[in-house]
Amino acid sequence: MKNRLKILRAERDWTQADLADKLEVSRQTINAIEKGKYDPSLPLAFKVARLFQIPIEAIFEDEAEVEVS
């Protein structure tokens, strides 16, 4: 899953540790999400969206494109 987490974090001058503290997860979790090695749980994705005050869809993007007929 693609995401804009690193960009959003950098815009606020937060370290991975800062963001991890705000979301109550480990720095390693933030690193893994930013690198696309780990997809966040739905509750964590909602928590991220609330923290940045933007919709989940503005942060996370499914890499699989779905055709609509």
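Okay, let's start with one definition: a residue is buried under 20% relative accessible area, exposed over 50%, and partly exposed in between. Keep that in your head, since I'll lean on it a few times. Also, please remember that what you see above is a predicted model.

So, take glutamate 61. Is it buried, exposed or partly exposed? Its relative accessible area is 48%, which lies between those two cut-offs, so it's partly exposed. Where does it sit? Glutamate 61 belongs to strand 2, which covers residues 60-61. And it has company: together with Asp39, Asp62 and Glu63, Glu61 makes up a patch of negative charge on the surface.

Now let's zoom out to the whole chain. How many helices and strands does the protein chain have? There are four helices and two strands. If you walk along from the N terminus, you meet them in the order β-α-α-α-α-β. So what about the overall dimensions? The C-alpha trace spans about 45 × 25 × 20 Å along its principal axes. For 69 residues, a compact globule would have a radius of gyration near 11 Å, and this chain comes in at 12 Å, so the two agree. As for the inside, 30% of the 69 residues count as buried.

Next, the loops. Let's go in chain order.

Aspartate 13 is in the loop that links helix 1 (5-11) to helix 2 (16-23). Its phi is positive, about 55 degrees, even though this residue isn't a glycine. Aspartate 13 has 68% relative accessibility, and because that is over 50%, we call it exposed.

Then there's glutamate 24, in the loop between helix 2 and helix 3 (27-34). Here again we get a positive phi in a residue other than glycine, this time near 60 degrees. Buried or exposed, what would you say for glutamate 24? It's exposed, because its relative accessibility is 66% and the cut-off is over 50%.

Last stop: alanine 58. You'll find it in the loop between helix 4 (42-52) and strand 2. Alanine 58 has 27% relative accessibility, so it counts as partly exposed. Now look for leucine 5 on the structure. How far apart are alanine 58 and leucine 5 in sequence, and how far in space? They're 53 residues apart along the chain, but from C-alpha to C-alpha the distance is 9.9 Å.

That's my tour; try finding these residues yourselves on the model above.

How values were computed
Residues are numbered from 1 along each chain as its sequence is written. This is a predicted model: local features need pLDDT of at least 70, side-chain atom pairs count only at pLDDT 80 or more; totals for chains, interfaces and linings use all residues. Side-chain values use heavy atoms; hydrogens and water are left out. Patches are made of residues with over 30% relative accessible area and no salt bridge: like charges are joined within 9 Å, nonpolar side chains (Val, Leu, Ile, Met, Phe, Trp, Tyr) within 5 Å. Accessible areas come from the Shrake-Rupley method with a 1.4 Å probe; for residues, only the protein chains shown count as cover. A salt bridge is a side-chain nitrogen of Lys or Arg within 4 Å of a carboxyl oxygen of Asp or Glu. Lys and Arg count as positive and Asp and Glu as negative; His and the chain ends are not counted. The place of a charge is taken as NZ of Lys, CZ of Arg, CG of Asp or CD of Glu. Buried means under 20% relative accessible area, exposed over 50%, partly exposed in between (1.4 Å probe, protein chains only). The radius of gyration is taken over C-alpha atoms; the globule rule is 2.2 Å times the number of residues to the power 0.38.
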